Each structure stands twice: as C-alpha cells, then as structure tokens.
Amino acid sequence: MLTKIEALRAQLNELLEKAESSAELDKAKVEFLGKKGAITELMTSLKELKDPMEKKNAGQQINLLKKEVEERLAARADELVKLEEQRQIEAGPRYDFTVPAKSGQGSLHPITIVQNELEEIFASMGFTIEDYDEIVDEYHNFEALNIPGHHPARDMQDTYYLSNGQLLKTHTSAAQNAIMRKYGAPLRAIFPGRCFRNEATDACHENTFFQMEGIMIDEDISISNLIYFMKTMLSEVFERDINVRLRPGFFPFVEPGFELDISCLICGGEGCPTCKNSGWLELCPCGMIHPNVLTAGGIDPEKYTGFAFGLGLTRLAMMKNGIKDIRVLNSGNLKALSQFTSR
Ligand code: FA5
C-alpha cells in the first residue's frame with residue numbers, strides 16, 4: 001500500500017510539472033480525487049488489509065496524500081493564473097490603427113480642454129509643465145508635505161493603498177518634493193494630474209478627479225505675487241470678471257494658507273446642489289510654502305520663499321461649461337460630454 005502511495009506522489013509531481021493550463025489541472029484533479037480516482041481506489045482497497053495497525057497507518061498516509069494533492073493543485077492553479085497575467089502584460093496591448101472609427105471623429109475631454117488652456121496661460125508666464133506619477137509613496141504624498149503619520153490632515157485624504165505600501169496620490173502636491181529636488185530654486189512649475197480619494201460622491205465630489213498644482217519659488221516671493229498669479233489665471237480662463245473670495249485655510253504644507261472660492265456659476269451665487277447651497281465653490285486652495293517643505297525639497301528657506309496652489313481642474317471644467325454634476329465628467333457618456341467639446 002505504501003509503495004502505491006509513493007508511486008502516486010511521483011505521478012503527481014510529474015503531472016504538476018507538465019500542467020500548463022487549468023484544463024490539465026482539472027483532468028489531474030479527476031484522476032486523483034474523482035469518484036473513480038486513484039485516491040478513492042486506495043481508500044476502497046484499505047478494507048483488504050487485515051492487520052489493524054497496518055490499516056490505520058495506511059489510512060493516515062492516504063489522507064495525507066489527499067490533502068497534499070488538494071493543496072498542490074490549488075497552488076499550481078494560482079501559479080498558472082499569475083503566469084498567464086505576466087504573459088499578457090509582456091505581450092502588451094495591441095492596437096490596430098488602421099481600423100476606421102465607428103462613429104465620426106472624437107474630441108478632447110472637457111477637462112483636457114481646460115487643462116490645455118491653463119498650460120498655455122502658465123507657460124506664457126514662464127512656468128514649466130511637469131508630469132508626475134499617479135502611484136506614489138507616503139513620504140511624497142504626506143511626510144515631505146509636513147504631514148507626519150499621526151497628523152489628522154491624513155483623515156481628510158483617505159485613499160487607496162496598494163499591497164506594497166504605495167498609494168494612489170490624493171493631491172498633486174505629492175509632486176512638490178520631487179520637482180523641488182529636480183530643479184532647485186528659483187523655480188516656476190505647474191503639474192496637472194489625476195487624484196484619488198476615498199470619497200462619498202455627490203454633485204461636486206468624485207473619487208477620481210483632476211487638480212493642477214503650481215509652485216513659484218524665488219527670493220522675495222510674497223502673498224502679493226500669489227494673488228497676482230491667481231487673479232491673472234482666473235481672468236484669462238473665464239475671459240470675464242468672476243467674484244472671488246479669499247479666506248484663511250489650513251494646509252500643513254503652507255503658512256499662511258488660503259481657500260480661494262469662486263462664486264458658483266451654475267446658480268449665480270444663489271445656492272444650488274453643485275455649491276452645496278452656499279453660493280461659493282472651493283476652487284483653488286493656496287498659500288506660502290512652509291519652510292519645512294522647502295527644506296525637505298533641498299531648498300534653503302532662509303534664502304528663498306515661494307507660493308503653491310492646488311487648483312481643482314475638474315471643478316473648473318464644470319464651472320466653465322455650466323456642468324451641474326461632476327459625475328457627468330467621468331461617466332463616459334459621449335452624448336452628454338460632446339455638448340462641451342465642440343470647440
Ligand atoms: C488640496 O488637495 C491641497 N493639496 C491644495 C493645496 C495645494 C493647498 C498647495 C495649498 C497649497 P483640497 O483637498 O482642498 O486641497 O483640494 C483642492 C481642490 O481640489 C479643491 O478646492 C477642489 O476644487 C478639488 N477637489 C478636492 N477634492 C475633490 C473631489 N473629491 N472631487 C472633485 N474635486 C475635488
């Protein structure tokens with residue numbers, strides 16, 4: 001009996017080594033564990049053993065083999081899934097650019113249109129346009145921005161964590177440190193990007209949205225420079241006068257910090273679901289970069305000062321186009337979106 005068990009174990013090893021598909025594993029499962037499978041047969045043949053000790057020992061060995069077969073088949077199945085995923089990643093997507101479009105010509109997304117406009121405006125004022133990762137580490141998203149592990153500001157920016165400890169960035173400020181380190185001071189840069197937050201969605205909140213960060217660092221930069229650039233940007237984007245209010249706002253990475261709100265353009269300031277009935281929409285928090293953030297970015301805060309802002313690009317696209325509900329923008333509903341892209 002024990003020889004048979006060993007022979008089956010050797011057979012299992014061989015099968016698992018050769019198995020390249022889940023169909024082969026299913027077949028092996030039936031061969032070993034099925035109603036007429038080898039292990040069931042062994043169990044049935046137990047009754048032929050007369051010696052009780054020998055019978056008990058053989059029974060235990062068969063049960064061990066059965067458990068081993070189940071576990072190793074499951075492990076190989078997992079391995080095959082991973083191998084298949086790897087094969088697909090390596091093969092990469094294949095596009096056939098010669099296939100004609102199904103219906104008419106496409107267009108840029110309303111957020112991309114606003115982003116392009118802003119990039120032009122800031123480029124004309126000497127800002128460079130930077131690209132940055134969507135997956136970042138805690139250091140860049142929080143610690144380098146003066147938000148240590150225990151800080152309550154992290155609660156407001158809960159996000160999606162990967163099993164390796166990295167996270168989907170909650171704000172474009174996550175790029176500040178890397179950009180300061182890359183260029184040093186003086187520095188003028190904007191960096192648009194997609195942000196992710198664990199958010200209960202409503203007319204003005206999405207779990208995936210776009211921001212555009214801007215920083216300017218030089219000797220003698222003050223709040224006046226900040227206000228000048230914010231005003232210029234808004235008047236260029238809206239091409240008309242917009243009611244704006246600046247109020248104190250707290251962000252650990254700026255001091256002092258401000259909230260820049262614009263009068264809701266959906267209701268004209270009367271109050272509606274888009275502005276949560278306040279008549280104002282938070283659009284562009286900003287402030288003077290905290291000395292700790294400059295130091296973390298390798299810039300001497302005794303010599304340089306700077307401002308930073310985090311413009312809500314998705315909300316700006318809503319205000320520019322009179323879009324009442326932010327969820328339209330990520331809906332993929334071409335009929336709804338095409339109303340705002342015919343430029
Ligand atoms: C920030 O994200 C700061 N990093 C901004 C900042 C940068 C402050 C530099 C100071 C200096 P806040 O969480 O308020 O701040 O988001 C900034 C803007 O992004 C908001 O005013 C809003 O316009 C937009 N925003 C934030 N959360 C969402 C959301 N869930 N859906 C859509 N837009 C959002």
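Here is a chat about the packing, charge pairs and helices of this predicted model.

Me: Let's start with the aromatics. Are the rings of Phe122 and Phe309 stacked or tilted?
Reply: A ring pair is described by the distance of the centres and the angle of the planes. For Phe122 and Phe309 the centres sit 5.4 Å apart and the planes make 25°. Planes under 30 degrees apart count as stacked, so Phe122 and Phe309 are stacked.

Me: How many residues apart in sequence are the parts that this pair ties together?
Reply: Phe122 belongs to helix 5 (residues 110–124), while Phe309 is in strand 10 (residues 305–312). Both Phe122 and Phe309 are buried. The pair therefore ties together parts separated in sequence by 187 residues.

Me: And what about Phe229 and Phe307, stacked or tilted?
Reply: Here the ring centres are 5.7 Å apart and the planes are at 40°. That angle is neither under 30 degrees nor over 60. So the Phe229 and Phe307 pair is tilted.

Me: Where in the chain does each partner of that pair lie, Phe229 and Phe307?
Reply: Phe229 is buried at a relative accessible area of 6%, and Phe307 is buried too, at 0%. The two link distant parts of the chain, 78 residues apart. Phe229 is in helix 8 (residues 223–238), and Phe307 is in strand 10.

Me: Which residues form one aromatic cluster?
Reply: The count of aromatic pairs comes to six. The cluster takes in both pairs we just went through, plus Phe127 and Tyr228. In full, its members are Phe122, Phe127, Tyr228, Phe229, Phe307 and Phe309.

Me: On to the nonpolar packing. Which residues touch the most other members of the largest nonpolar core?
Reply: That core holds 44 residues. Phe309 has plenty of contacts beyond its sequence neighbours, including Ile190, Met212, Met230 and Cys284. The core members touching the most others are Leu118, Met233, Phe309 and Leu311.

Me: Which element gives the most to this core?
Reply: Several elements supply at least two residues each, among them helix 5, strand 5 (208–218), strand 7 (254–263) and helix 10 (313–321). One of them gives the most, with seven residues. That is helix 8.

Me: How many residues are in the second, separate core?
Reply: Phe142, Ile215, Val293 and Leu294 are included in this second core. It is separate from the one built around the residues above, and its size is 25 residues.

Me: Now the charges. What separates Arg72 and Glu68 along helix 4?
Reply: Arg72 and Glu68 form a salt bridge, with the closest N and O atoms 3.4 Å apart. Residues three or four places apart in an α-helix point the same way, because there are 3.6 residues a turn. Arg72 and Glu68 are four residues apart in helix 4 (residues 52–91), so their separation is about one helical turn.

Me: How many residues apart are Glu117 and Lys320?
Reply: The side chains of Glu117 and Lys320 meet in a salt bridge at 2.8 Å, N to O. Glu117 is partly exposed at 23%, and Lys320 is partly exposed at 22%. Glu117 sits in helix 5 and Lys320 in helix 10, a link between distant parts that are 203 residues apart.

Me: Is Lys182, the partner of Glu130, buried or exposed?
Reply: Glu130 and Lys182 form a salt bridge, with the closest N and O atoms 3.8 Å apart. Glu130 is buried, at 9% relative accessible area. Lys182 has 58% relative accessibility, and since exposed means over 50%, Lys182 counts as exposed.

Me: Which residues do salt bridges with shared partners join into one network?
Reply: The whole structure has 16 salt bridges. Some share partners and join up into a network that includes the Arg72 and Glu68 we met earlier. The members are Glu6, Arg9, Glu68 and Arg72.

Me: How many of the nine residues of helix 10 are buried?
Reply: The buried ones include Leu313, Arg315, Met318 and Asn321. Helix 10 is largely enclosed by the rest of the structure, because the buried residues number eight of the nine.

Me: Last one: are helix 3 and helix 4 roughly parallel or antiparallel?
Reply: The axes of helix 3 (residues 38–45) and helix 4 come within 10 Å and cross at roughly 170°. At their contact, Ile39, Leu42 and Met43 in helix 3 meet residues of helix 4 including Ile62, Leu65 and Val69. Angles over 145 degrees count as roughly antiparallel, so helix 3 and helix 4 are roughly antiparallel.

Note on methods:
Residues are numbered from 1 along each chain as its sequence is written. This is a predicted model: local features need pLDDT of at least 70, side-chain atom pairs count only at pLDDT 80 or more; totals for chains, interfaces and linings use all residues. Side-chain values use heavy atoms; hydrogens and water are left out. Rings of Phe, Tyr and Trp (its six-membered ring) pair if their centres lie within 6.5 Å; planes under 30 degrees apart count as stacked, over 60 as edge-to-face and the rest as tilted. Buried means under 20% relative accessible area, exposed over 50%, partly exposed in between (1.4 Å probe, protein chains only). A nonpolar core is a set of buried Ala, Val, Leu, Ile, Met, Phe, Trp, Tyr and Cys residues joined through side-chain atoms within 4.5 Å. Contact means heavy atoms within 4.5 Å. A salt bridge is a side-chain nitrogen of Lys or Arg within 4 Å of a carboxyl oxygen of Asp or Glu. Axes are lines fitted to C-alpha atoms, for helices over the stretch in contact, and angles run from 0 to 180 degrees between N-to-C directions. Angles under 35 degrees count as roughly parallel, over 145 as roughly antiparallel, 65 to 115 as roughly perpendicular and the rest as oblique.
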